[in-house]
Amino acid sequence: MLPKVNPTTTRSWAELSILSRESNNTIQDLFQEDPERVNKFSFDVNSTYFDFSKNNVSDDVSRTLIELANECELPRAIEAMFQGEEINQTEKRAVLHTELRSLSTKSAHSELVLTELDKVKKFSNQVGAGEWKGHSGKEITDIVNIGIGGSDLGPKMITHALRPFWKSIKPHFVSNVDAQQLKEELDGLNPETTLFIIASKTFSTQETMTNAESAKSWFLENGGHESVISRHFVAVSTNEKAVNSFGISSENMFQFWDWVGGRYSLWSSIGLVIACVIGYQNFEQLLLGAEEMDKHFRDSPLEKNVPVIAALIGVWYNNFLGYDSHAILPYDHRLRFLASYLQQADMESNGKSVDRQGNSVSYQTGPIIWGEAGTNGQHAFYQLIHQGTKIVPCDFIMIANPEHDYVDHHQKLLSNFLAQTEALLKGKAKKEVMAELKESNSHGHDIIPYKVFDGNRPTTSILIDELTPFNLGLLVAFYEHKIFTQGVIWNIFSFDQWGVELGKQLAKPILSEIQEEKHGAHDLSTSQLMKRYQDMRR
């Protein structure tokens, strides 16, 4: 069981409140006071370098944050998760996605996991080698992964991030119940060479099953027939009966378990599309990279534990300095879906307002997560980050060695990565602006206020040697453990998601009313919208 400590009742929370009111230091002041700051606040985990030094965290704040983690019994919570205790208490489940990548050590579910991994290995190797053929004897060239949420965002992000590792299969991802996405992905595909992966834990999710049925109709209407469904449709699910009813045999069903949460499931057979596209050997490297971070998280002391440090800095900002959003800024096109993936991972986990005792919380919990790949973001929202009224802590992520040979491009990308964090740290003072105007013989001193940058904007820099499957697995696991740590501190359940249920429940009766052109009892706005929709359709 997880500890149930209200953080606001701890001595360290009270001390942090005092520190937040008394501290007038800028981040630059902290560097001037301590020449060793970079070394103290930077850490290497395998081939990934984490630099937390440009955050507005003094030694006193850092020490007190570690004390807060201990008062909230974080070490016990970490062990509770790894030991398979029922920490997802509202659903009465253990949380053991770490066991999916526990390849070098024995775990409680090793036999189950390894058996299913072996099935993924055999299937993905068959598809990759051209041995798994469509009904007409042609090799599979395209895979359409149909899922939503964790069954889509994780596999999509990973697969596109590892584009240089693609073999001969081209992936497509369908999640939205808006048929426009399905139509666009199916356009140009050959049913004889297309494989569909239907990824749904319950095999009843409305969006996923609607898309699955439409994909099946497309296949049948374009030369396929019921007797060969097994060559073109496989399922990743826990509901064998529903899978069979759809027309997929149990032999073509890949399993995962109720101790695997949807947004933590890419490491399971939900990652089947990843294994098929990049090859099983690379998929295994992804798991090993995540396992490396698992070991670091479980075994490192809190003051040297990078997910813990990142989490505690986030608590400091969110709860004591009032910085309630966080930007993910990867300077690599391959990581363009990382922010979207982390939105679900973080906001669905920690977007809670009830604590583990069932009480409404009196403090901020999960931040708003957003972002964009650099340098595109620089020409979109960086204006707000640099000079806006909101302070937005940012994670800047850079790959030292790119996959391509365009050295000039990469050096310019790197220079922007470095310059942005320096600019956010230093800003530009009024006297600097005046000196620049004088040097350029420019007049118009009325423009001076607009060119002043306050600086003192916090950033974390993450520098990765290469974007390999191993390093990507390590990075994703880092964020998973950061999210878990913050949930422990905030005394909330991070592994349920009851907040997504109400809209789904209300959609069912509304759908019946739309189909039957009836009007049910709704609020006035919803009733008027339904009427307007029906009028427009007529």
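This passage describes a mixed sheet, the helix packed on it, and a set of salt bridges in a predicted model. Local features were taken at pLDDT of at least 70 and side-chain atom pairs only at pLDDT 80 or more, while totals for chains, interfaces and linings use all residues. Residues are numbered from 1 along each chain as its sequence is written, and side-chain values use heavy atoms, with hydrogens and water left out.

A good place to start is the sheet. Six strands make up an open sheet with mixed pairing, in the order β1-β2-β11-β10-β8-β9. Strands here are DSSP runs of E with at least two residues, helices are runs of H or I with at least four residues, and both are numbered from the N terminus; two strands pair if DSSP finds at least two bridges between them. At the edges lie β1 (42-45) and β9 (368-371), each of which pairs on one side only. On average, neighbouring strands of this sheet are turned by 15° against each other, direction ignored; axes are lines fitted to C-alpha atoms, for helices over the stretch in contact, and angles run from 0 to 180 degrees between N-to-C directions.

Strands β8 (residues 325-331) and β10 (residues 394-399) run parallel and are joined by five bridges. Leu329 stands opposite Phe396 in β10. Helix α17 (residues 407-426) packs on the sheet, where it touches β8, β10 and β11 (459-464), with contact meaning heavy atoms within 4.5 Å. The direction of α17 makes about 155° with that of β10.

Turning to charged side chains, the structure holds 23 salt bridges, each defined as a side-chain nitrogen of Lys or Arg within 4 Å of a carboxyl oxygen of Asp or Glu. One of them joins Arg263 and Glu348 (2.9 Å, N to O). Arg263 lies in the loop between β7 (253-254) and α12 (272-278) and Glu348 in helix α15 (residues 338-350), so this pair ties together parts 85 residues apart in sequence. Arg263 is buried at 3% relative accessible area, whereas Glu348 is partly exposed at 21% (buried is under 20%, exposed over 50%, partly exposed in between, with a 1.4 Å probe and protein chains only).

Asp496 forms a salt bridge with Lys352, with the closest N and O atoms 2.9 Å apart. This pair links distant parts of the chain, 144 residues apart: Asp496 sits in the loop between α20 (469-489) and α21 (501-516), and Lys352 in the loop between α15 and β9. Asp496 is buried at 4% relative accessibility, and Lys352 is buried at 15%.
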